[in-house]
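Work through the exercises below with the sequence and the model in view. Try each task before reading its solution.

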Amino acid sequence: MERVGGRILDGDIILAADVEVMLEVITPPLGPKSWHGALVLSDPWPLEPSGLLRLELEDGRSGTILVSNTEYSTPGQTTVLFEGTGALE
């Protein structure tokens, strides 16, 4: 799993900036790539699972994510699990 910085948007509204993204891109022998990962946030996450959002990475790639789970395991830290929908370009 690679680590890269990024930000999360809902339309043109930035929901979280300077986010640590743990990203895994899976390239099967046949068929399209898939991708998923986790975001680590220092602030409480305002959205419930199932929201479609835009992920923009510092390396220039971006794509749409579906929030699948939100974990509040450590005080002051939120982990958001997501699945990529469509291409990550």
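## Exercise 1: A pair of strands and their turn

Strand S5 (residues 62–74) and strand S6 pair in the antiparallel sense, with eight bridges between them. The model is a predicted one.

Task: Find which residue stands opposite Gln-77 of S6, and how many residues lie between S5 and S6 in their hairpin.

Solution.
1. Look at Gln-77 in S6: the residue opposite is Thr-74.
2. Move to the turn. S5 and S6 form a hairpin, and two residues lie between the strands.
3. Check the backbone there: Gly-76, in the turn, has a positive phi of about 80°.

## Exercise 2: Another partner of S6

Task: State in which sense strand S3 (residues 34–41) runs relative to strand S6 (residues 77–85), and name the bridge partner of His-36.

Solution.
1. S3 and S6 run antiparallel.
2. Six bridges join the two strands.
3. For His-36, the bridge partner in S6 is Glu-83.
4. Put this beside the first exercise: S6 pairs with S5 over eight bridges and is joined to S3 by six.

## Exercise 3: An unusual backbone angle

Task: Say where Asp-18 is found, and decide whether Asp-18 counts as buried or exposed.

Solution.
1. Asp-18 is found in strand S2 (residues 13–26).
2. Most residues other than glycine have a negative phi.
3. Asp-18 is not a glycine, yet has a positive phi of about 55°.
4. The relative accessibility of Asp-18 is 73%. The cut-off for exposed is over 50%, so Asp-18 counts as exposed.

## Exercise 4: The chain as a whole

Task: Describe the secondary structure of the protein chain, then explain why its radius of gyration agrees with that of a compact globule.

Solution.
1. Count the elements: the protein chain has zero helices and six strands. Along the sequence the pattern reads β-β-β-β-β-β.
2. A compact globule of 89 residues would have a radius of gyration near 12 Å; the protein chain has 13 Å, so the two agree.
3. For the extent, the C-alpha atoms fill a box of roughly 40 × 30 × 25 Å along the principal axes.
4. As for burial, 35% of the 89 residues count as buried.
5. Turn to contacts between residues at least 6 apart in sequence: 45% of them join residues at least 24 apart.

## Exercise 5: Surface and charge

Task: Give the accessible surface of the protein chain and the numbers of positive and negative side chains.

Solution.
1. The accessible surface comes to about 5300 Å², and 52% of it belongs to carbon and sulfur atoms.
2. There are 5 positive and 14 negative side chains.
3. The centres of these two sets lie 7 Å apart.

Note on methods
Residues numbered from 1 in each chain as written. Predicted model: local features only at pLDDT ≥ 70, side-chain atom pairs only at ≥ 80, totals over all residues. Heavy atoms only, no water. Pairing = 2+ DSSP bridges. Helix = DSSP H or I, 4+ residues; strand = E, 2+ residues; numbered from the N terminus. Rg over C-alpha atoms; globule rule 2.2 N^0.38 Å. Buried < 20%, exposed > 50% of the residue type's maximum accessible area, 1.4 Å probe, protein only. Contact = heavy atoms within 4.5 Å. Areas by Shrake-Rupley, 256 points an atom, 1.4 Å probe, with all protein chains shown as cover. Lys, Arg positive; Asp, Glu negative; His and termini not counted. Charge placed at Lys NZ, Arg CZ, Asp CG, Glu CD.
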